[in-house]
Amino acid sequence: MAQTRKVYFNGRYVEESEARVSIFDSALMYGDMCFEMTRTYKHKPFRLRHHLERLYAGLKIAEIDCGLTVDDMEKATYDLLEHNKDCFPEGMDIQIMHNVSRGPLPIYESVFEHGLEPTVTINTWPLITHMAGSADKYDKGIHSVIVPQQSVPARILDPKIKNRSRMFYQIANLQAERLEPGAYALLTDEDGFITEGTGNNFFIVKNGELYTPEGRNILRGVSRGAVIDIAKELGIPCHEINLETYDVNAADEAFITSTTVFAVPVTRFNFQPVGDGKVGPVVKSITDAFSEQVGVDIVAQAKQYKNDLESFTKSN
Ligand SMILES: Cc1ncc(COP(=O)(O)O)c(C=O)c1O
C-alpha cells in the first residue's frame with residue numbers, strides 16, 4: 001500500500017483521517033486560535049522561521065502556551081516533512097499548516113480522561129490543489145472589488161495576529177462573489193483606507209514605485225515582506241502609506257500577495273481597468289526576481305499544476 005500522509009498532532013504523528021479536534025475545543029467555541037501557512041519551494045520551506053515567529057507573537061498576545069518553543073515547533077515541522085517526503089509526487093511543492101489552540105475549555109475537563117492540553121497540529125498538503133486555479137490569473141490578472149464588509153480594526157482585534165476569528169473575511173468573500181463571480185474582495189478600514197484582501201496583501205504601482213497599505217490594520221504578510229525586500233534589491237522604491245481607492249483608480253498596476261501564489265496581478269478594480277488593464281512590467285519583474293531567488297518559476301509551476309490537476313486528482 002502507498003504510504004499515506006501523517007499529521008503532527010500533540011506530539012504524535014497520526015493519519016490525516018485520524019486527526020480530530022474536540023467539539024469542546026476553544027477553537028470551535030470562540031474561533032480562539034492562531035495559525036500559519038507556509039509553502040515550500042523545491043521542497044524547502046520559504047521563510048518558515050518568519051511564519052513561526054508571527055505565530056508565536058500571536059500566541060503570546062492570546063496567552064496560549066502551546067508547550068513547545070519556537071525551536072521545537074520548527075523541528076516538529078521538519079520532522080513531519082521528513083515523515084511525509086515519499087507521499088508527494090516528484091517536484092510537488094507543499095503547503096504546511098500550523099494550527100494551535102489553547103485546547104478544550106476547562107468546564108468540559110471531565111470529558112478528557114488524560115486532562116486538558118493545548119491543541120497543536122501541523123499538516124502538509126500538495127500545493128497543486130491551491131495553485132492550479134491561479135494559473136491563468138498571472139497572465140490575465142484578477143478583478144478586485146471593495147466590499148461593504150470592513151476590516152476589524154487593530155484596536156478591536158489586531159489582524160497582525162493570524163487568527164481564525166475570520167467570519168468577516170468569509171462575509172467579504174460572499175459579497176465579492178455577489179458583485180461579480182470570481183471577483184476578489186478588498187477591504188477598507190473605518191476611515192475608508194484600503195487594508196487587505198481576505199487572504200492577501202495589496203500593492204499598487206505608480207510611476208515605477210510601489211505603494212502598499214501601512215502595517216497597522218493588516219496581517220503583515222510574509223510575501224508582502226518578500227516583495228518589499230525584492231523591491232529594494234531591484235531599486236524600486238516602496239512606500240507604506242494610507243492607500244485610498246482613488247490611488248488604485250489612478251494606479252498603473254496593482255497586485256495581491258500571499259504565500260501560495262506569491263504575487264497575482266490585479267487588472268480590474270471596481271469594474272474599471274487598472275492602468276491599461278493588462279499585466280504590468282513591475283509585477284512581472286518582481287515575480288521573475290522572486291522566482292529566480294527561490295529557484296522555481298512560479299507562473300510555470302502554476303500552469304504545470306493546472307495541466308496535471310486532473311490526473312493528480314484521479315491518482316490521489
Ligand atoms: C488576511 C490576510 N492578509 C494577508 C495574507 C498574506 O500573508 P502571507 O503572505 O504571509 O501568506 C493572508 C494569508 O493568509 C491573510 O489571511
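This is a short tour of a predicted model, moving from the whole protein to its ligand. Residues are numbered from 1 along each chain as its sequence is written, and side-chain values use heavy atoms, with hydrogens and water left out. Because the model is predicted, local features need pLDDT of at least 70 and side-chain atom pairs count only at pLDDT 80 or more, while totals for chains, interfaces and linings use all residues.

Begin with the C-alpha trace of the protein, which spans about 60 × 45 × 35 Å along its principal axes. Switch next to a cartoon view, where the secondary structure comes to 10 helices and 15 strands, taken as DSSP runs (H or I of at least four residues for helices, E of at least two for strands) and numbered from the N terminus.

Now select the ligand and show the residues near it, meaning those with a heavy atom within 4 Å: 18 residues surround the ligand, and the closest are Lys162, Arg166, Glu196, Ser223 and Thr259. Colour helix H2 (48-61), strand E9 (194-197), helix H7 (222-234) and strand E13 (253-258), each of which supplies at least two residues of this shell.

Finally, display side chains and look for N or O atoms paired within 3.5 Å, the cut-off for a polar contact. A polar side-chain atom of Ser223 lies 2.5 Å from an oxygen atom of the ligand, a polar side-chain atom of Thr259 lies 2.6 Å from a ligand oxygen, and for an N or O atom in the side chain of Arg54 the distance to an oxygen atom of the ligand is 3.0 Å.

Methods
Polar contact = N/O pair within 3.5 Å; in protein donor to acceptor, adjacent residues only side chain to side chain.
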